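Me: I should like to learn how to read individual features of a protein model. May we go through them one at a time, with the general idea before each case?

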Amino acid sequence: MVIVLNKDCTEEQKKNLEALLEKKNLKIKTVSGEEDTILAAVGKVSVDLREIEAVPGVERVIPISKTSVPLYRVAYCGKPGCNAEAAAIGYFDKSAQTVALDSFDEVFLSVENGSVDYGMIPIENSLGGSVYQNYDNFMKYKDAKISGAIAIKISYCLLGVKGAKLSDIKKVYSHPQALLQTRGFLGGYKDWQQIEAYNTSGAALFVSDTGSTENAAVASKINASIYGLDILAEGIEDDPNNFTRFVVISKTGSVAGGNMASFMFKAKNEPGSLYRILGVLNDFGTNLTRLESRPIPGRPWEYQFYADADLKNVSGQPEKYVEKIIEKLKEKAEEVRLLGVYSEVGR
């Protein structure tokens, strides 16, 4: 990478930057010009460019590589071809090396233990609603923060083995959300048994492995070519405006800026507690776009609230605005946790 320093960058700032780069196992070469001072940093270790850009004294960072080696390892739950992988590619483009895992818990754990840089997690669907397991995972994995988000359009097909016909099908496999989002189509075949799978692409792989014309999977179109299946029906989602919102999780969260904020809080067990918390958000003119309540494991009848706020109309630094809200919320709520101030692609 090439790092362009501010013209007024101090020697102390430069030394701090060099120390950070050396910590990342990067070799440094200083190049002096008439107007700018430039550092060239070379190495095999993946580096979050936004972390470098946030260092005082840095004007901009220019990634340069002789190869297309990805900068980040991004984990997702599913098999190649699933919607989460598509979201990871859509968000990170060529800078991501995607890592397929078998469960959402594994994605969170991999982020927390540092074996991957980011995780791509579905949080809600425009038809099927919230993915409650991942709201709960934010309670379970305290080090996970939200550093970005992306919403992608979801379209499903019914996939069967080569030569299969609709009249052959007896069992349909897919993720519960996919079955829910295609219930109109599936409801037209009352004799089909719907069987839940961990993910859509895993269902497609299973159907391919069985080789039985009686089995089918609800999955995206790309899975047909990946797993050698036939498309028996296309565009079977209940609504063509079917979107899933994914959040990018990391240990560091976002570096600077953002048009969204997410946080969690627990209201005190007393009359008017939630009302007073919402009053804080009202006083700040917060555009609350989502509010979910989830039961707290091991604490019957106690609930954790998850909230999203749209910051696009906030003037000045969004981090400072959110920081003030969190300070006030701590006066009214029993527990408060900021998940992240971040940018959502397409919002």
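**Reading contacts, strands and burial**

Reply: The side chains of tyrosine 342 and serine 262 are joined by a polar contact of 2.7 Å. Please keep in mind that this is a predicted model.

Me: Which other side chain has a polar contact with that of tyrosine 342?

Reply: The general idea is a distance test: a pair of N or O atoms must lie within 3.5 Å. In this case the partner is arginine 245, whose side chain has a polar contact of 2.9 Å with the side chain of tyrosine 342.

Me: Where is tyrosine 342 found, and is tyrosine 342 buried or exposed?

Reply: A residue counts as buried under 20% relative accessible area. Tyrosine 342 belongs to strand β19, residues 333-342. Its relative accessible area is 0%, so tyrosine 342 is buried.

Me: How should one set sequence separation beside distance in space?

Reply: One reads the two values side by side. Tyrosine 342 and alanine 149 are 193 residues apart in sequence, yet their C-alpha atoms are 7.6 Å apart in space.

Me: Which strands are joined to β15 by bridges?

Reply: For strand pairing, one looks at the bridges and at the direction of the strands. Strand β7, residues 118-125, is joined to β15 by 6 bridges, and the two run antiparallel. Within this pairing, methionine 120 stands opposite valine 248. Strand β9, residues 145-153, also runs antiparallel to β15, with 8 bridges between them. There, isoleucine 152 has threonine 244 as its bridge partner. Strand β15 itself spans residues 243-250 and is mostly covered, with 7 of its 8 residues buried.

Me: What is the case of asparagine 134, a residue in a helix?

Reply: Here one combines location, accessibility and neighbours. Asparagine 134 is in helix α5, residues 132-140. With a relative accessible area of 0%, asparagine 134 is buried. A polar atom of its side chain lies 2.8 Å from the backbone oxygen of proline 122. Leaving aside residues up to four places away in sequence, asparagine 134 touches Phe104, Phe108, Ile121, Pro122 and Ile123.

Me: What is the phi of tryptophan 301, and why is tryptophan 301 classed as it is for exposure?

Reply: Backbone angle and accessibility are read separately. Tryptophan 301 is not a glycine, but has a positive phi of about 70°. This residue is in the loop between β17 (287-295) and β18 (303-310). The cut-off for exposed is over 50% relative accessible area. Tryptophan 301 has 77% and is therefore exposed.

Definitions and conventions. Residues numbered from 1 in each chain as written. Predicted model: local features only at pLDDT ≥ 70, side-chain atom pairs only at ≥ 80, totals over all residues. Heavy atoms only, no water. Buried < 20%, exposed > 50% of the residue type's maximum accessible area, 1.4 Å probe, protein only. Helix = DSSP H or I, 4+ residues; strand = E, 2+ residues; numbered from the N terminus. Pairing = 2+ DSSP bridges. Polar contact = N/O pair within 3.5 Å; in protein donor to acceptor, adjacent residues only side chain to side chain. Contact = heavy atoms within 4.5 Å.
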